[in-house]
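Here is a note for a colleague who is meeting this structure for the first time. Please look over the sequence and the model before reading the points.

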Protein chains: 2
Amino acid sequence: MPLLLLKELPRYECLLAGAKEFPDLDPSACEVFLHLLRTGDEVFGVAERNLTDHNISHGRFSVLMLLWNPAHRRVMPASAGPCVPGPRTPAELAEAAGVTRATMTGLIDTLERDGLVRREPDPDDRRMMSVRLTAKADTLMQTMLPDHFRIMARLISPLSEPERTTLVSLLNKILQHASTLSPAGALPVEIQEPALR
Amino acid sequence: MPLLLLKELPRYECLLAGAKEFPDLDPSACEVFLHLLRTGDEVFGVAERNLTDHNISHGRFSVLMLLWNPAHRRVMPASAGPCVPGPRTPAELAEAAGVTRATMTGLIDTLERDGLVRREPDPDDRRMMSVRLTAKADTLMQTMLPDHFRIMARLISPLSEPERTTLVSLLNKILQHASTLSPAGALPVEIQEPALR
DNA sequence: CGTTTGTAGTTAGCCTCCTAACTATATCCG
DNA sequence: CGGATATAGTTAGGAGGCTAACTACAAACG
């Protein structure tokens, strides 16, 4: 639900009209942009509703998934392959989930309060903590995940397999390109005209 | 930035492995789902960074766009066509932006504090307020929008026109279907197979 | 005409995100 | 060895989401 976007997307003729006043407005790009955000938001909202029923926000779910991965490996043969061991410390979790360490502190706080997670001091480096799932969290995941998987499958069910492949590849083109414009990929924007007023 | 999602998407073989343990896990659906959210998040983040430079969050931007539309019409010929007059009251704005009235109160509070918006009582119905953009907001939009349009165009630039059409149509299939699973579209689910377990 | 019902906006309290600054510990290096 | 630098985690304060409950007004209806 966090995206918050115009519920009704503008009609294409409105975009064309806007392009007359703003030469920088690319109507088809704008349309893709808005549809991407709108659809992402809707899909996100449907998936989140299920988690909310279990008192789990998306952020908390991400943390549980990151920590649960190794617990999961416990069940699987040790030869299960390249699924890496998964993060343990708040800093690693923050990095993997794409939030700040401060945010992760808050998430772990509430997860710990709800008995889903335990903090343990690292014996080797006294700056560090180790975060572990409790048995309660493990049980919760076991009941929550099948629903979550069914919801994902249902959301994507209108697409055939070839359509799915196409969609992923188109999204990937955008994602790859967007990453280069991103905070990390902060190339100096070079060519941009001095505009901006 | 709000989506918060695993930065590194799981490899497909991990999804396949997961499907062995969870029969409900549809690997290709899962892959589409994750790519959609991840790409939406990235694109959203890039676009938001520009707004943030002007001290405008996405929520505030939505409000400004909704209110600015009519101001925009002022410049355009009255015959401009089917671009409706745009919302004016907090309740209408909340509905159009897809947030609660309480949230809209907060957004208008900060916008008013920053001098971008004015509240005026409705003379006919003393429960209602009318929200208007200030001249300052109008100026801000004029300087902010061209950048915003350029960023959208850049984000989508890796796709050709036919690819854009395809992408929008695939996204639309998902969006239409998702809406039927949604809170508002709470049709009694009737025809839906009894599945869902 | 007065009571009930509904609607607009706000308030209060919670959660999750952020940035900036702080504390404690580890490490590097002169 | 000892100071500068870097890192882990937290804290403080702010914004923007939410729900639930409240106030004020309008409308409906018996």
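The points below take up the surfaces near the two DNA strands and then one helix.

1. This is a predicted model, in which local features need pLDDT of at least 70 and side-chain atom pairs count only at pLDDT 80 or more, while totals for chains, interfaces and linings use all residues. Residues are numbered from 1 along each chain as its sequence is written, and chains are lettered from A and ligands numbered from 1 in the order in which they are written.

2. Around DNA strand D there are 27 residues, of which A91(A), A102(A), G59(B), A102(B) and T103(B) are the closest; a residue is near a strand if its C-beta atom, placed from the backbone, lies within 6 Å of it. The largest contribution to this surface, 5 residues, is from α5(B), where helices are DSSP runs (H or I, at least four residues) numbered from the N terminus.

3. DNA strand C likewise has 27 residues around it, with G59(A), A102(A), T103(A), A91(B) and A102(B) coming nearest. Here α5(A) gives the most, with 5 residues.

4. Within α5(B), the residues M104(B), L107(B), I108(B) and L111(B) are buried, meaning that 20 or more other C-beta atoms lie within 10 Å of their own, whereas 12 or fewer counts as exposed, with C-beta atoms placed from the backbone. These buried residues lie on the same side of α5(B), because they cover an arc of only 100° around the axis, the arc being that of the directions from the helix axis to the C-beta atoms. On the other side of α5(B), the exposed residues are A102(B), T105(B), G106(B), D109(B) and R113(B).

Methods: Helix = DSSP H or I, 4+ residues; strand = E, 2+ residues; numbered from the N terminus.
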